[in-house]
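Here are a few exercises to work through with the model open in your viewer. Try each task before you read its solution.

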Amino acid sequence: MRPRNKQRAVELLGEGDSHIIGDLPSLKGIGLTTMFIGDGANDIGALQAASLGITLCEAEASVAAPLTCKNNSIRSVIDLIAEGRCTLTVHHTIAYYIICYAWIQVLSTNVAYVNSAMLMPNLFYLLQDLFVATVLATCMSCSNPCPKLSTTRPPVRLLRVEVVCVLVVQMAIIAMCQLAALSITRSMPGYTPFDPYGDGNVPLMPQQIPETTTLFIICFSQLLITAVVFNLGSEYRQAMMSNPYLMAAMTILTTIYLLILFLPHDNAFMGGFMQLAYDQV
């Protein structure tokens with residue numbers, strides 16, 4: 001097929017005349033999304049006219065196509081579609097995780113303020129923002145696509161009815177877990193209710209408030225569990241076990257969480273710097 005005929009065929013299937021300089025009359029297309037794969041200079045016109053142009057070489061045709069496959073194989077198109085679908089679903093996953101993370105933090109802040117008349121220490125927010133949520137969300141972006149291409153397309157819309165329902169249920173579970181943790185804390189022997197002035201009208205330090213320690217521990221675990229729930233895999237991307245970066249981050253953060261949970265209460269780092277009230281929880 002001659003180069004002009006290739007270009008006109010793509011224009012006919014697509015949006016019509018691509019306004020490339022030439023002596024051919026204007027053409028009205030049928031409005032389909034088109035993709036053209038070329039490997040030489042004679043395909044430049046068709047590559048520019050297509051909705052998506054892919055070249056199989058790094059020669060002159062690569063300047064006319066947004067995508068270039070270096071292995072010179074048509075198999076690259078399947079890999080490209082799989083990567084694109086995986087990227088779309090990963091972006092949705094990160095957005096859902098950030099929504100749940102924001103709910104966890106906002107809820108814990110309000111619960112701590114309502115029940116203890118004091119906000120959680122700033123160090124808690126720094127640890128959750130910088131070392132937990134940011135690290136996990138970044139590692140989620142390294143997910144791998146499924147080796148087998150699905151016959152269905154991934155949903156494009158971020159928020160759909162079924163997704164909103166799932167998020168609402170997860171938020172309700174998160175709220176119930178935080179409230180249940182506070183209830184269990186207050187029922188434990190030796191629990192001392194928060195006194196904003198303490199003995200001698202001296203304000204208590206944050207580490208003297210058992211509610212804040214309980215909320216920090218439960219929020220830490222909820223961030224880890226939520227990351228696992230959102231990375232169980234789908235038909236467009238593999239499960240978290242195939243993502244070494246996410247697995248390494250989860251292993252390190254889980255280890256840190258267990259250390260925070262089980263270290264003795266007289267530890268200077270946890271009791272002083274971390275401001276955790278292990279002796280009162």
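**Exercise 1. A charged pair in helix 3**

Task: Work out whether D79 is buried, partly exposed or exposed, then find its salt-bridge partner.

Solution:
- Start with accessibility. D79 has a relative accessibility of 33%. Buried means under 20% and exposed means over 50%, so D79 counts as partly exposed.
- Keep in mind that this is a predicted model.
- Next, look for the partner. The side chain of D79 meets that of R75 in a salt bridge, at 3.5 Å from N to O.
- Check the spacing. R75 and D79 are 4 residues apart in helix 3, which puts about one helical turn between them.
- Finally, do R75 as well: its relative accessible area is 41%, so R75 is partly exposed too.

**Exercise 2. The rest of the salt bridges**

Task: How many salt bridges does the structure hold, and which residue does E162 pair with?

Solution:
- The count for the structure is 2.
- One of them is the R75 and D79 pair from above.
- E162 pairs with R160, and here the N to O distance is 3.0 Å.
- With a relative accessible area of 49%, E162 is partly exposed.

**Exercise 3. The strands**

Task: In what order do the strands of the sheet line up, and which strands stand at the edges?

Solution:
- The sheet is open, with 3 strands in the order 1-2-3 and parallel pairing.
- Strand 1 and strand 3 (67-68) each have a single partner strand, so one side of each has no neighbour in the sheet.
- Zoom in on strand 2 (residues 52-55): 2 bridges join it to strand 3.
- For a specific pair, take I54, whose bridge partner in strand 3 is L67.
- Now look at what packs here. In helix 1 (residues 3-13), K6, Q7, R8, V10 and E11 are buried. The buried residues of this helix pack against strand 1 (35-38) and helix 2 (44-49).

**Exercise 4. The nonpolar cores**

Task: Which residues have the most contacts inside the largest nonpolar core, and which helix supplies the largest share of this core?

Solution:
- The largest nonpolar core has 43 residues, and Y97 and L136 have the most contacts inside it.
- Helix 3 (75-116), helix 4 (122-140), helix 5 (161-187), helix 6 and helix 7 each supply at least two residues of this core.
- The largest share comes from helix 3, with 11 residues.
- Now follow Y97 outward. Leaving aside neighbours within four places in sequence, Y97 is in contact with A133, L136, M140, L223, T226, A227 and F230.
- Apart from this core lies another, of 8 residues, with V10, A49, A64 and A65 among them.

**Exercise 5. An asparagine in a loop**

Task: Is N231 buried or exposed, and what does its side chain contact?

Solution:
- Place it first: N231 is in the loop between helix 6 (210-229) and helix 7 (244-262).
- Its relative accessible area is 1%, so N231 is buried.
- The N231 side chain makes a polar contact with the side chain of R237, at 3.4 Å.
- Beyond four places in sequence, N231 touches T93, M140, S143, R237, A239, M240 and L246.

**Exercise 6. Checking a record against the model**

Task: Where does UniProt list "transmembrane region", and what is the helix content of residues 163-184?

Solution:
- The unreviewed UniProt entry lists residues 94-113, 125-142, 163-184, 213-233 and 245-264.
- Residues 163-184 are 100% helix, with end C-alpha atoms 32 Å apart.
- Residues 125-142 are 89% helix and 0% strand, and their end C-alpha atoms lie 25 Å apart.

Notes
Residues numbered from 1 in each chain as written. Predicted model: local features only at pLDDT ≥ 70, side-chain atom pairs only at ≥ 80, totals over all residues. Heavy atoms only, no water. UniProt positions renumbered as here; feature names shortened; annotations may be inferred. Buried < 20%, exposed > 50% of the residue type's maximum accessible area, 1.4 Å probe, protein only. Polar contact = N/O pair within 3.5 Å; in protein donor to acceptor, adjacent residues only side chain to side chain. Contact = heavy atoms within 4.5 Å. Core = buried A, V, L, I, M, F, W, Y, C linked by side-chain atoms within 4.5 Å. Pairing = 2+ DSSP bridges. Salt bridge = Lys/Arg side-chain N within 4 Å of Asp/Glu carboxyl O.
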